[in-house]
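Work through the exercises below with the sequence and the coordinates at hand. Each task is followed by a stepwise solution.

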Amino acid sequence: MEIATSQKITTFLMFEGNAEEAMTFYISLFDDAEVVSITRYGADGPGKDGSVQHATFSLAGEHFMCIDSPARHDFTFTPAISLFVQCENEAEIDRLYAALAEQGTELMPLGNYGFSPKFGWVNDRFGVSWQLNLPA
């Protein structure tokens, strides 16, 4: 007997004070993107008043969640986990790479690495890692 489930796996991004800025930046990069919901901390905390307690946003039909953690952590994002974007054309990969690399860290500059005619990997200014690919 098969049991029906509504389980869905969603990428969850934890920030320490700039979740809304990151979310707004990400939705500005994609045509099919929006803030789905947002809940903020109030004056009584535990997070900073007005910061993101929980938000859901979508990019190209994929849902993501994010928060501003009220606790400081000894860890942050790592390139071992990245968001992989299949770009439709060269103009899109160039635009996305330029925007994500601004104030970020280029891990692999845009180029032909043999497995793709144009590929780039970057950590954005918030520390989130992105792989951008132009399929052959």
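The exercises concern a predicted model and treat a sheet, a hairpin, a helix and two residues.

**Exercise 1. The sheet**

Give the strand order of the open sheet of four strands, and state which strands are at its edges.

Solution.
- Step 1: The order in this open sheet is E5-E8-E7-E6, and the pairing is mixed.
- Step 2: Strand E5 (83-86) and strand E6 (105-111) each pair on one side only, and these two are the edge strands.
- Step 3: From one strand to the next, the twist averages 15 degrees.

**Exercise 2. The hairpin**

Describe the pairing of E6 with E7 and the turn of the hairpin they form.

Solution.
- Step 1: Strand E7 covers residues 118-123, and its pairing with E6 is antiparallel, over four bridges.
- Step 2: For the register, Glu106 is found opposite Val122 of E7, and Met108 is found opposite Trp121 of E7.
- Step 3: Six residues separate E6 and E7 in the hairpin. Gly114, in the turn, has a positive phi of about 95 degrees.

**Exercise 3. The helix on the sheet**

Which strands does helix H2 lie across, and at what angle does H2 run to E7?

Solution.
- Step 1: H2 comprises residues 90-101 and lies across E5, E6, E7 and strand E8 (129-134).
- Step 2: The angle between H2 and E7 is about 20 degrees.

**Exercise 4. Thr56**

Is Thr56 buried or exposed, and which residues does Thr56 touch beyond four places away in sequence?

Solution.
- Step 1: Thr56 belongs to strand E3, which spans residues 52-59.
- Step 2: The relative accessible area of Thr56 is 13%. The cut-off for buried is under 20%, so Thr56 is buried.
- Step 3: Leaving out residues up to four places away in sequence, the contacts of Thr56 are Val35, Val36, Ser37, His63, Phe64 and Met65.

**Exercise 5. Ser69**

Locate Ser69, classify its accessibility, and list the polar contacts of its side chain with Ala71 and His73.

Solution.
- Step 1: Ser69 sits in the loop between strand E4 (62-68) and E5.
- Step 2: Ser69 counts as buried because its relative accessibility is 12%, and the cut-off is under 20%.
- Step 3: A polar atom of the Ser69 side chain is 3.0 Å from the backbone oxygen of Ala71.
- Step 4: The side chains of Ser69 and His73 are joined by a polar contact, also of 3.0 Å.
- Step 5: With neighbours within four places in sequence set aside, Ser69 is in contact with Met14, Phe15 and Glu16.

Methods
Residues numbered from 1 in each chain as written. Predicted model: local features only at pLDDT ≥ 70, side-chain atom pairs only at ≥ 80, totals over all residues. Heavy atoms only, no water. Pairing = 2+ DSSP bridges. Axes fitted to C-alpha atoms, helices over the stretch in contact; angles between N-to-C directions. Contact = heavy atoms within 4.5 Å. Buried < 20%, exposed > 50% of the residue type's maximum accessible area, 1.4 Å probe, protein only. Polar contact = N/O pair within 3.5 Å; in protein donor to acceptor, adjacent residues only side chain to side chain.
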